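Trainee: I would like to learn how to read a few features of a model. Where do we begin?

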Amino acid sequence: MDIFIQQIINGVTLGSIYALVALGYTMVYGIIGLINFAHGEVVMIGAMIVLSVVTGLLGAHITLPPLVIVLAGLAVAVPICMGIAYAMEKVAYRPLRRAPRLAPLITAIGMSIVLQNVAMMIWGRNYLSFPDLIEQKSIPIGGAVITNLQIGIILLAALMMAGLVLLVQKTRLGMAMRATAQNQAVAGLMGIDINTVISAAFMIGAALAAVAGLMVMSYYGIAHYYMGFLLGLKAFTAAVLGGIGNLAGAMLGGILLGIIEALGAGYIGDLTGGAFGSEYQDVFAFFVLILVLIFRPSGLLGERVGDRA
Amino acid sequence: MKSFFDTKNNPQLVWAGVGLIAVALVLLPFGAALIGTAWVRVLNFALLYIMLALGLNIVVGFAGLLDLGYIAFYAVGAYTYALLASPHLGIHLPFWVILPIGAMVACLFGVLLGAPTLKLRGDYLAIVTLGFGEIIRIFLNNLNRPFNLTNGPQGINLIDPFSVGSFSFSKSQSIAGIDFSGPQKYYFLLLLVTIGIIVVNVRLQNSRLGRAWEAIREDEIAAQAMGINTRNVKLLAFAMGASFAGVAGGMFSATQAFVSPESFNLFESIIVLAMVVLGGMGHIPGVVLGAILLTVFPEFLRYTVEPAQQALFHRVIVPAESLRLLVFGIAMVAIMLYRPAGLWPSAVRRRELQTDYDDADDAVAAANEAASATASRDAVL
């Protein structure tokens, strides 16, 4: 039983990171119907920049509280990631907005490769370790433990998601985003600057991604130029699971996928008599993706839409 | 000069051209061997990639289904050959038995993947195929337990070369007074298979099935309304693309004598896709050109970029491998933006992509753009 609770805790932690990244996919997809393949790479670049700032500050021998160091890292990473997302949209996606569907998907793959290799040239191809800024403390709950880091990740993710919901539901920008998602042409006629709205969606997604990058790096303690790819793919799975284009769906899908993965990795060894082990953890996300797309392509919370020619 | 290319009035010029190309193709491996045997291997890889790119071209170029896990079928073909002709399981079947088996197994996997996923829309299909490719790779990597099928990350080695009786493709030999090295013999075999695959592709494109694929690519709903059984036709595209990859995989196994899961990662899929896209989706000569360019170009980089950096900075700052991927990435974006039909597109494709604002949908979009441009001054944001 305690393994079960432990895996649920781990799953929710990982799931809230997936949810943050999934929100970036789902916002962009909801508005322009594009799978922003390079979104995972933005997460990676966010993590790398935070890492550089943090190691730089630690190396300068200035005694600062850990929270200030992390915030300084984010203060550098978030604007850079937003800038990258803005530039990416402007250069690679905007000119193709009316092109056949496959065209922007292929440029998105191209952007993903470019970002990965630029990151590899800057930060090298080795695994980089993220320094322990705070002492990790374990708090026992019902036979399992939760660390202060896990609590921090879950709380921060919840806070950011609440902020995003407020932004989308209560502000003028949010209203413009919802209108653009419903019908671009009519939203344009109502005086909404569609290009600004789309850029904003990309940039908000990138800001969430940068924070998610920090979270995943501090959770695993390492960063690598390739880390964004699989994370991005899983987050996309989460978005599809919840119903792509739907904010609540992305959050639900993220948490669910995290739990499925954690439980799967925790129990597959016992269930198959030791034949398969936790090395198959990454397979679960893909199986979930394939099953969801076959049996409920609109996701858990998505609306069923007809084919558009 | 113009009259020289006037093939319409001088049909014999076509045959002269074909003859010239044939002589060039025969002499090529001997020329490459003068620079180094490594370059003969590069030629062999170019031929393998041509086969792969042509197979993917059926799926992506003809039928318009974006497959990002195509390398999985290549892996299936390669592992089928490796398992049936190596000491790993102790089975040694001759290659002409295994290659059809490999094609069939890959075809089966193609149907397995295709059947449940083909009703998905284009971009979803891309992600599912990508996931499928990764699943295959993860299984190849881990199926050394509970029983040792794939030998895990170490891969399978000592794979049998192609051989007929005592004639083995891996040994150097003198035939009719000309010395052939192993890779040169493979070159001619691969060349034959490649030409066969090109012929099949050309015939497929002009067949009833080829036209059905094209109809689906342009408008699936309209194609269905015209009486095309879209599910079966799409499934056939997947199955045929996969079986070509299966054949190429078997030949890859034999020429390398070694396979491991690392040869079949996602980037291989993307590189093959880049060949199809860069060359010209759906246009067979374009795809062949794309495959040749993208195989030879990185080798060229390897021999120029790294020595140049050595000479300038006394160390390699940017390895050729990452530069290659970077250039691929930039090229994919640039091609889509500036030459969306590829470097060598078919005439039909080029005509299609040059028409603008001629239907209602585009007119709405144009009006919308104009509206948003005028609205941006007093926009809500």
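Mentor: Begin with how elements are named: helices and strands are DSSP runs, at least four residues for a helix and at least two for a strand, numbered from the N terminus. Bear in mind that this model is predicted. With those names, B:L158 can be placed in the loop between β3 (156-157) and β4 (163-164) of chain B.

Trainee: What is the phi of B:L158?

Mentor: Near 55°, which is a positive value in a residue other than glycine.

Trainee: Is B:L158 buried or exposed?

Mentor: The cut-off for exposed is 12 or fewer other C-beta atoms within 10 Å. B:L158 counts as exposed because it has 11 C-beta neighbours inside 10 Å.

Trainee: Where does B:A257 lie?

Mentor: In chain B, B:A257 sits in the loop between α9 (230-256) and β8 (258-259). Its phi is near 60°, again positive in a residue other than glycine. B:A257 has 15 other C-beta atoms within 10 Å, so it is partly exposed.

Trainee: Now the contact between the chains. How many residues does each chain give?

Mentor: In general, the size of an interface is often given as the accessible area lost when the parts come together. Here we have residue counts: 47 from chain A and 45 from chain B.

Trainee: Which elements of chain A give two or more residues to the side that touches chain B?

Mentor: They are α4 (102-123), α6 (172-182), α7 (184-189), α8 (194-220) and α11 (281-295) of chain A. The largest share, 13 residues, comes from α4(A). By class, this side of chain A has 32 nonpolar, eight polar and seven charged residues.

Methods. Residues numbered from 1 in each chain as written. Chains lettered and ligands numbered in written order. Predicted model: local features only at pLDDT ≥ 70, side-chain atom pairs only at ≥ 80, totals over all residues. Contact = placed C-beta atoms within 7 Å. Nonpolar A, V, L, I, M, F, W, Y, C, P; charged D, E, K, R; others polar. Buried ≥ 20, exposed ≤ 12 C-beta atoms within 10 Å, placed from the backbone.
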